[in-house]
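The following exercises are to be worked with the sequence and the coordinates at hand. Each task is followed by a stepwise solution.

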Amino acid sequence: MSDARFTLVGVRPATERLPTVKAPWVKGKPILSCVILAGIIFCCAFAELIMTKDPTYLDLMNYSKPPGSEFLFGTDTLGRDMFSMIWYGGRISLFIGIAAAAISTVIAVIFGSLSGLAPQWLDTLLMRLTEILLSIPNLLLVVFLQALLGKPNTFSIALVIGLTSWVSIAKVVRTEVRQIRNSEYVVASRCMGGGFFHILWRHLTPNFVSSIMFMVVMNVRSAIVAESTLSFMGIGLPIEIISWGSMLSLSEKAILTKSWWILLIPGLFLVVTLLCMTEIGNYLRKSVNRSQSNL
Amino acid sequence: MIQKNPFLYYGKKLLSFCLSVFVLSVLVFYIARLAPGDPLMSYYGERVEKMSVAEKEWARDKLGLNDPIYVQYVRWLQNAFRGDFGISFKYKQNVLTVIGARIGNTLLLGGTGFVLMFVLALGLGILCAWFEDRWPDRVICRLGTVISCIPEFWLSLMLIMVFAVMLRWLPSSGAYSIGKAHDVGDRIRHLILPLSIVVINHLWYYAYMIRNKLLEEVRADYVLLARSKGLNKRQILFRHCLRGILPSYFSIMAISVPHVLGGTYIIETVFSYPGIGTLSYESARFHDYNLLMILCMISGVVVIFCNILSQIINEQIDPRIKAQEVVETTEVKRA
């Protein structure tokens with residue numbers, strides 16, 4: 001046996017080519033959004049350091065003042081300084097967003113995996129139930145829950161929003177769990193006597209965490225929107241608890257007096273924050289699609 | 001999965017529809033009555049403050065609010081089957097009359113918005129897919145992402161501020177000017193702002209979905225084949241790719257009805273537009289039970305029907321769509 005037939009003929013020796021320019025690590029990552037969002041969060045967290053006035057003080061001499069050197073963002077119709085309110089109120093808006101998303105995620109994960117692990121009939125029943133829940137207008141559910149919880153405050157709003165926004169994540173969790181529930185490691189864990197929460201935490205969560213990450217970020221976003229919408233409509237935070245939403249609830253008076261800054265500034269902060277979160281969320285979701293178009 | 005016996009298939013769907021509606025009615029009935037609050041407030045208004053305990057008791061008895069909830073429910077159900085949904089506490093009229101006066105407005109706003117959105121999203125999505133990664137696509141994508149981040153109530157406020165208050169071009173609220181209820185031009189002028197909000201707010205979401213679905217589609221092998229046969233870009237895109245994505249688009253549009261409906265509620269409130277959105281918001285806040293019940297049933301029936309419709313579309317027309325995909329693409333918008 002000679003190795004002659006295994007030697008290739010006419011192979012041109014090629015030098016190994018390494019990419020000369022490394023792609024910068026920031027490529028495709030939402031750096032700008034992260035920076036802006038971090039900035040907003042930082043400023044809100046340390047609001048006391050940058051506030052120029054007391055945000056709760058009603059300066060009745062200077063109500064509805066346009067932005068100027070003394071009141072950087074102007075004052076609202078009650079004479080409060082908008083610049084200070086933005087940072088001070090942002091804290092509550094962001095807190096509600098994060099807390100509500102956390103609540104809804106926990107409910108969604110538990111409900112979704114229960115439904116995913118349950119026998120077929122129970123699974124169908126639970127999924128039907130979520131569909132029925134979805135068919136009650138969200139606004140009405142919020143009104144009911146608010147009435148149950150009594151006078152609205154920061155926590156009750158976060159709870160209400162969390163309780164009304166878990167269904168879609170639960171559906172995704174359920175689908176993911178159904179796909180992996182019969183895999184060997186889950187069965188093995190069960191046979192060794194692993195409880196529901198053990199299996200959930202050790203075996204299921206690592207599998208679906210990536211697919212719901214995007215939705216969780218989006219939930220923070222929609223919770224912030226929900227808070228501001230509710231406060232604006234007068235069923236969310238009362239006007240004395242400052243948040244970006246409750247700042248906008250003065251809009252009616254602002255429109256009548258054409259005080260555009262009362263509408264524009266909190267709204268801009270809201271939109272920029274939401275935009276940054278969307279960018280980050282989209283980055284998390286982005287499935288790398290590099291194939292060529294056949295068209 | 002196409003079943004052999006169509007009667008069985010649609011019978012099952014019908015059964016699950018009826019069951020869902022029934023459960024929904026029980027749920028809403030109980031939630032409404034368990035939420036604290038005094039329904040007499042909406043019936044007697046301010047006068048409640050002056051009523052004695054005995055008078056209140058008599059009033060509650062008259063309205064049938066003292067019975068256990070299940071007794072009330074059974075009574076409501078029996079009457080409902082005869083077509084009698086009770087009277088509205090606030091308007092002291094049959095609820096159907098109250099709703100009848102307003103539902104047209106909502107249908108006009110929501111329906112026109114929905115159709116416009118449907119067509120525009122399709123156009124925009126195709127445009128983006130056509131110019132994939134070139135400047136029109138990039139500009140539209142950027143713009144769309146920004147616009148989709150704007151909360152609808154804030155956008156409404158800004159538009160009111162600019163077009164109604166500063167420029168005075170369009171009216172800021174209502175469905176028609178006083179005394180001009182039958183003036184079509186006036187109605188249209190009142191419809192422009194709310195309608196544009198409905199469309200703008202949801203447009204990008206669907207356009208983006210179409211774009212992505214189309215881009216997925218053009219990477220399929222049959223497009224390469226069609227290309228090599230000598231078909232041009234337009235023919236392939238419109239005749240083949242579009243046909244491939246339309247079923248899933250229809251089913252997603254069907255699922256999205258509740259989002260549009262919910263959005264319409266908020267927009268109606270901002271514009272004080274006399275539709276059923278403002279009505280149901282009022283009735284929920286002031287415990288106008290019968291009115292609330294019928295409104296929830298109407299929207300619930302529409303939503304459940306659309307859900308089942310989309311299931312049927314999925315299963316009958318395009319079995320490739322998995323439930324998973326539909327779920328993934330719809331949750332973003334739920335606010």
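**Exercise 1.** In which loop of chain B does D133(B) lie? Determine also its exposure and its backbone phi.

*Solution.* The model is a predicted one.
Step 1. D133(B) is found in the loop that joins α5 (95-130) to α6 (135-148) of chain B.
Step 2. A residue counts as exposed if 12 or fewer other C-beta atoms lie within 10 Å of its own. D133(B) has 10 other C-beta atoms within 10 Å, and is therefore exposed.
Step 3. Although D133(B) is not a glycine, its phi is positive, at about 65°.

**Exercise 2.** Carry out the analysis for S272(B): is the residue buried or exposed?

*Solution.*
Step 1. S272(B) belongs to the loop between α11 (257-270) and α12 (276-285) of chain B.
Step 2. With 11 other C-beta atoms within 10 Å, S272(B) is exposed.
Step 3. The phi of S272(B) is positive, about 40°, and this residue is not a glycine.

**Exercise 3.** Why is T56(A) classed as partly exposed? State its place in the chain and its distance from F83(A).

*Solution.*
Step 1. T56(A) is located in the loop between α2 (47-50) and α3 of chain A.
Step 2. The partly exposed class lies between the limits of 12 or fewer neighbours for exposed and 20 or more for buried. T56(A) has 14 other C-beta atoms within 10 Å, so it is partly exposed.
Step 3. From T56(A) to F83(A) the separation is 27 residues in sequence and 12 Å in space, C-alpha to C-alpha.

**Exercise 4.** Describe how α3(A) and α7(A) pack, and place V173(A) in that contact.

*Solution.*
Step 1. Helix α3 (residues 82-117) of chain A packs against α7(A) at an angle of about 40°, and the axes are 7 Å apart.
Step 2. The crossing of α3(A) past α7(A) is right-handed.
Step 3. Residues making the contact include A108(A), V109(A) and G112(A) of α3(A), and I169(A), V173(A) and V177(A) of α7(A).
Step 4. Sorted by class, the contact comprises eight nonpolar, six polar and three charged residues.
Step 5. Leaving aside residues up to four places away in sequence, V173(A) touches A108(A), V109(A), G112(A), S113(A), G116(A), F208(A) and I212(A).

**Exercise 5.** Which residues have the most contacts inside the largest nonpolar core? Explain how this core relates to the domains of chain B.

*Solution.*
Step 1. The largest nonpolar core has 139 residues, and V173(A) and M293(B) have the most contacts inside it.
Step 2. Both domain 1 (6-93) and domain 2 (103-274) of chain B contribute residues to this core, so it lies between them.
Step 3. The C-alpha centres of these two domains of chain B are 37 Å apart.

**Exercise 6.** How many residues of chain A are in contact with chain B? Characterise the side that chain A contributes.

*Solution.*
Step 1. The contact involves 44 residues of chain A and 53 residues of chain B.
Step 2. Elements of chain A giving two or more residues to this side include α4 (120-135), α7 (167-180) and α9 (196-233).
Step 3. The most is given by α9(A), with nine residues.
Step 4. The class count for the chain A side is 26 nonpolar, 14 polar and four charged residues.

**Exercise 7.** Summarise the secondary structure and burial of chain B.

*Solution.*
Step 1. Chain B has 14 helices and zero strands.
Step 2. Of its 335 residues, 37% count as buried.
Step 3. Among contacts in chain B with a separation of 6 or more, 72% are between residues 24 or more positions apart.

How values were computed: Residues numbered from 1 in each chain as written. Chains lettered and ligands numbered in written order. Predicted model: local features only at pLDDT ≥ 70, side-chain atom pairs only at ≥ 80, totals over all residues. Contact = placed C-beta atoms within 7 Å. Helix = DSSP H or I, 4+ residues; strand = E, 2+ residues; numbered from the N terminus. Nonpolar A, V, L, I, M, F, W, Y, C, P; charged D, E, K, R; others polar. Axes fitted to C-alpha atoms, helices over the stretch in contact; angles between N-to-C directions. Left-handed = near helix turned anticlockwise from the far one by under 90°. Domains from an automatic or database assignment. Core = buried A, V, L, I, M, F, W, Y, C linked by C-beta atoms within 7 Å.
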